[in-house]
Amino acid sequence: MASNVSLWGTLTTPLIRQNPVTLQILGICSALAVTTSLDTALTMSISLTVVVVLAAGIISAIRRHIPNTIRIIVQIIIVASLVIVIDQVLQAYFYGLSQRLSVFVSLIATNCIVLGRTESFARTNPPLPSMVDALGSGLGYGLVLMLVGACRELFGSGKLLGYQVLPLADQGGWFTPLSLMLLAPSAFFLLGALVWTMRSIWPEQADEPDFAPHEIEEER
Amino acid sequence: MTRGIWDRETVALLLLAAAMPLAVTWLLATGMQGALRLVFVLIAAGLWHLAFMLARAQPPSFAGALTAFAVAVLAPAELGLLPMLIGISFGVVAGELAFGGWGRNVVNPATVAIAFLGFGFPAAPWPVLPIQLGWAAIAMAAIGMLVGVMAWRIAVSATAVLVIAWYGGMLAMPFLTAAAVVLVLLVCDPVTSAATDLGRWLNGLLYAALVMVFASGWQGAAAVQVAISAALLTSLAAPLLDEIAMRRWLARRKHLG
């Protein structure tokens with residue numbers, strides 16, 4: 001079970017094949033809110049990855065001592081403590097960035113991916129596989145966030161990580177920024193297009209249709 | 001759905017035929033510039049219909065031409081080719097073709113494309129519709145209702161409210177023109193408007209009410225912008241209006257036993 005191959009598989013499966021955002025549609029709220037620029041998306045991905053890995057490690061280490069009836073409370077306390085630490089670190093060293101991320105770092109405590117991994121995996125597995133699994137989920141989340149964040153920053157303001165990549169029309173260049181990209185709906189569109197693309201490439205990711213459209217018999 | 005000569009394309013062609021007075025008036029008013037814009041939008045929409053036919057075996061529809069015409073008339077002016085292409089692609093693909101083609105879409109692709117361009121490029125000026133387009137819209141509504149591809153309940157209820165508001169001085173003439181053109185081109189679209197009798201009355205009333213609210217309360221909004229926003233919200237509310245009509249009918253049936 002604990003061979004290198006399965007660890008590698010645990011790490012890479014959530015990147016594309018079982019991506020928490022595009023396949024399981026988890027963590028959408030923060031994915032929409034913090035992707036207006038690449039640096040906030042990057043910070044958010046790192047914060048979430050750190051939280052989910054540490055939480056998985058701690059919960060997995062004490063998994064035999066958590067009473068089953070209050071396990072959710074215990075998990076949330078551990079996750080929330082880690083989130084507070086991350087939030088304080090961000091406020092201490094990256095104050096401007098933490099102001100732009102506003103409440104969403106604190107909201108990692110309620111992120112479905114964190115609780116989902118601790119509840120479904122870390123609670124029943126040893127620390128090392130749990131942390132690798134959590135790292136994979138965090139990276140899968142980060143991958144989607146970066147993609148959406150890069151698209152939105154590039155087309156919304158012509159920048160990437162704050163550097164002007166596409167010359168703006170009002171500064172003598174050719175690129176007219178698409179202001180819609182900086183508004184929340186565009187994240188929905190991009191995420192929808194991403195899910196659509198992924199499910200076209202890997203059809204096994206697509207859900208079963210709820211019902212088949214029936215064909216109406218032609219009346220002659 | 002097919003019944004006799006009536007299939008999807010008959011409806012689309014009759015809608016196109018009804019739009020001819022509006023198209024001719026608009027081309028006379030805008031000249032070469034308008035014609036080029038229309039050709040560009042037609043090609044862009046047509047290519048997407050072609051792409052979906054090849055990729056998904058989805059039959060293309062003449063309704064795509066109506067969509068293209070509506071976008072050419074109503075989209076913000078002075079946009080470059082690339083923004084225009086992004087807008088029309090988004091509207092046609094995400095508004096119509098992704099759902100399975102004309103007849104299965106939830107919102108009108110032209111409304112989506114124009115709203116997308118309006119929100120995406122807020123600096124671009126909205127077109128000012130020449131006043132004769134309002135008269136041409138009446139002709140289009142008349143043909144559409146006569147051949148039965150436009151719901152007269154929507155047109156009558158919306159027009160009644162709008163004309164009364166204009167007569168009472170609550171609606172300026174540019175707003176009335178824009179509201180009339182958007183009403184016939186987008187709101188009366190048989191796919192995305194309400195489909196029940198009561199729902200259609202409510203659909204027209206809701207559209208007119210939204211136009212009046214936006215025209216009076218939205219500072220600095222252009223006439224076309226007001227009408228498009230009202231059309232977008234109305235088409236989103238159309239299923240709700242149908243649901244209200246059906247609930248009311250069911251409740252009355254139960255009451256009768």
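Modeller: In this predicted model, the domain bounds come from an automatic or database domain assignment. For chain B, that assignment gives domain 1 (8–120) and domain 2 (146–256). Taken over C-alpha atoms, the centres of domain 1 of chain B and domain 2 of chain B are separated by 21 Å.

Colleague: How do you know which residues make up the contact of domain 1 of chain B with domain 2 of chain B?

Modeller: Two residues are in contact if their C-beta atoms, placed from the backbone, lie within 7 Å. The contact takes 18 residues from domain 1 of chain B and 17 residues from domain 2 of chain B. On the domain 1 side, helix H1 (8–56), helix H2 (63–74) and helix H4 (109–120) of chain B each supply at least two residues. H4(B) gives the most to that side, with 5 residues.

Colleague: What makes up the side of domain 1 of chain B that touches domain 2 of chain B, by class?

Modeller: That side has 13 nonpolar and 5 polar residues, and no charged residues.

Colleague: Why is the crossing of H7(B) and H9(B) called right-handed or left-handed?

Modeller: A crossing is right-handed if the near helix is turned clockwise from the far one by less than a right angle. The axes of helix H7 (residues 173–187) and helix H9 (residues 223–256) of chain B cross at roughly 35° and come within 8 Å. The crossing is right-handed, so the turn from the far helix to the near one is clockwise.

Colleague: Which residues meet there, and how do they divide by class?

Modeller: Among them, B:Phe175, B:Val182 and B:Leu186 are in H7(B), and B:Val224, B:Ile228 and B:Thr234 are in H9(B). The contact residues divide into 13 nonpolar, 1 polar and no charged. Thr is not listed as nonpolar or charged, so B:Thr234 counts as polar.

Methods
Residues are numbered from 1 along each chain as its sequence is written. Chains are lettered from A and ligands numbered from 1 in the order in which they are written. This is a predicted model: local features need pLDDT of at least 70, side-chain atom pairs count only at pLDDT 80 or more; totals for chains, interfaces and linings use all residues. Helices (H or I, at least four residues) and strands (E, at least two) are DSSP runs, numbered from the N terminus. Axes are lines fitted to C-alpha atoms, for helices over the stretch in contact, and angles run from 0 to 180 degrees between N-to-C directions.
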